[in-house]
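User: I should like to learn how to read the contact between two domains of one chain. Could you take me through an example?

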Amino acid sequence: MNKRRIAGVALFLIAVGGLLGLGYQTRNRSSAGGSITTVGSTALQPLVEAAGEQFSGDHLGVFINVQGGGSGTGLSQIQEGAVAIGNSDVFAEEQSGIHSHNLVDHRVAVVGIVPIINKEVGLKTLTTAQLQKVFDGTYTNWRELGGKNVPITIVNRAQGSGTRATFEKWALRGHHVKTAQEQDSSGMVRSIVSTTPGAISYVAFSYANKTVQKVAINGVTPTNQNVTSNKWQVWSYEHMYTNGRPKGVAKSFLNYIESPKIQSTLVRQLGYISISQMHVERDVKGRVTVIR
Amino acid sequence: MDKIKEKLQQTSQATRSERRGRFISFLALILILVVVIAIFWFVAAKGLATFFQNHINVWDFLSGKTWDPSVKGANGKPEVGALPMIVGSFLITLLSALVATPFAIGTAVFMNEIAPRNGAKILQPVTELLVGIPSVVYGFIGLSVVVPFVRHVFGGSGFGILSGTFVLFVMILPTVTSMTADTLKSVPRYYREASLALGATRWQTIHKVVLRAATPGILTAIVFGMARAFGEALAVQMVVGNATLLPHNLVSPSSTLTSVLTEGIGNTVMGSLQNNALWSLALVLLTMSLFFNVIIRIIGRKGELR
């Protein structure tokens, strides 16, 4: 009886102790300088993950923790100083609740965004005015635009998503849109558009594959080339924010991502557009200047 | 003599171990209490900030039809009308409970009264299996099977209350079934014997005696299922369409409290109005589940077998 009890208590202590020990061994050593955590934008996540893996391969004992959570989470976490780098699809100035003066912006890539429609609709190009009237509900059937006789189904990304913000700002020119169904990931949006007759939505270039029809706007085709010259205006920077000037691992990791090695390999392989390819620069107010 | 006296005055080992046991269970109780209170306090503090810090009218919040927290409405206040989500949540919950109840009662009656041996052997494991399926799997099946089916049969985009109902109906069915079966099992055997002895048929016995005696328990099971349906997030979010619109019909995209919460929380910043508004939705959810608990309590107390 007594032996069994002692064994039970011992087992319990070992289990708790083991758990704590494991937690201690694998604890986040960001303060020790061994690893850092980045959090935020899911659109940027694949790039940071891949770059982080390569970075750890080159620097022994250094780990880059990459977490999603959305641009809003990235910006609020970096503002609170909870993480080393906060990833965002939008400028910190554009996000409400963020005091951007402390945050330092590092633009690591550009993402083009394209309207996609179901293949059955039979349209390949739309004008800005047509897009606006599709998304505000003026048009309800593709027939009115010269397509097949199918009702229009709008699929939006979630409120506050960086892709949606960019699309509404640059493709719809800030035009008010009607409330429609929302999905919280690009992959989901694509699969819904590909299977639902008459569906329209928008995704980053890298998500627009053969299952859906990409739509040209005002006759401009959605290609990387057109993004770099700003002929295709629906694009956004991918930002990595630090709180104050980056230090230590964060600094070397940001340098690594911005280095030609990564910009010319990983960035392109994963469907982003490299910053160095851009012929124009756009500031937070939307003013475009040509880079010489 | 002294030895005996000493032994009598000392606390015995049994007493000590009982005290220790009482202390440990008391600690566990305190821990759970602290966690529950902390959750309530946190959600309430965050959720009420919408009304006290951002000065949104509570009534506007509960009855407004437009949900667009980053846009200012006609009255200069941000548009945080939660009515579409509240209506959506209630509709889905009620409909799925309505569909699930007859199936659950039927299965439970079959398992307990009609074919206890085969029922227990086959149906029990099957319903228990249903409980164990993760909700994301239900959502995935809903997305790839139910949504296209609803689209083909009823038109529209396939996303909406109806698809949500179909998915939730399967999800709450095992809960309601197994609880109903437990209640039927607890109906005393002599009720049935007395009924049969009076010349009632088996159907009459089940209908008039067993089900009647088990009614409070069955009601509790239904409310339990509704509480689960009300709180389910992931599977519903995948099939309901998440449009913050009052549902025109059962196949138009709409939203629930949970779907808007899971979708929006990552895109907002702690402390901003958009974030606080989501916490207010969470507060509504929490209040509702509290309400469901209270109902279960009341039914349980009123309907005890006498």
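Analyst: The following turns go from the domain bounds to the contact. Please keep in mind that this is a predicted model.

User: Which residues does the domain assignment give to each domain of chain B?

Analyst: Bounds are read before any contact is described. In chain B, domain 1 runs over 12–55 and domain 2 over 80–303. The C-alpha centres of domain 1 of chain B and domain 2 of chain B are 29 Å apart.

User: What does the UniProt annotation say of residues 86–296 of chain B?

Analyst: An annotation is attributed to its record. The unreviewed UniProt entry labels residues 86–296 of chain B "domain: ABC transmembrane type-1". In the model, this span is 81% helix and 0% strand, and its end C-alpha atoms lie 21 Å apart.

User: How much area do domain 1 of chain B and domain 2 of chain B bury between them?

Analyst: One reads the area together with the atoms that provide it. The two domains of chain B bury about 990 Å² between them, with 76% of it on carbon and sulfur atoms. On the side of domain 1 of chain B, Phe40(B), Val43(B) and Lys46(B) supply 48% of the area buried against domain 2 of chain B, more than any other three residues. By class, that side of domain 1 of chain B has seven nonpolar, four polar and one charged residues.

User: How many salt bridges and polar contacts join domain 1 of chain B and domain 2 of chain B?

Analyst: These two counts are read separately. The rule finds zero salt bridges across the interface of the two domains of chain B, whereas four residue pairs are in polar contact, both residues at pLDDT 80 or more.

Definitions and conventions
Residues are numbered from 1 along each chain as its sequence is written. Chains are lettered from A and ligands numbered from 1 in the order in which they are written. This is a predicted model: local features need pLDDT of at least 70, side-chain atom pairs count only at pLDDT 80 or more; totals for chains, interfaces and linings use all residues. Side-chain values use heavy atoms; hydrogens and water are left out. UniProt positions are given in the numbering used here, feature names are shortened, and annotations may be inferred rather than shown by experiment. Helices (H or I, at least four residues) and strands (E, at least two) are DSSP runs, numbered from the N terminus. Domain bounds come from an automatic or database domain assignment. Buried area is the accessible area (1.4 Å probe) that two parts lose on being put together, summed over both. A salt bridge is a side-chain nitrogen of Lys or Arg within 4 Å of a carboxyl oxygen of Asp or Glu. A polar contact is a pair of N or O atoms within 3.5 Å; within protein, one must be able to donate a hydrogen and the other to accept it, and residues adjacent in sequence count only if both atoms are side-chain atoms. Ala, Val, Leu, Ile, Met, Phe, Trp, Tyr, Cys and Pro count as nonpolar, Asp, Glu, Lys and Arg as charged, and the others, Gly among them, as polar.
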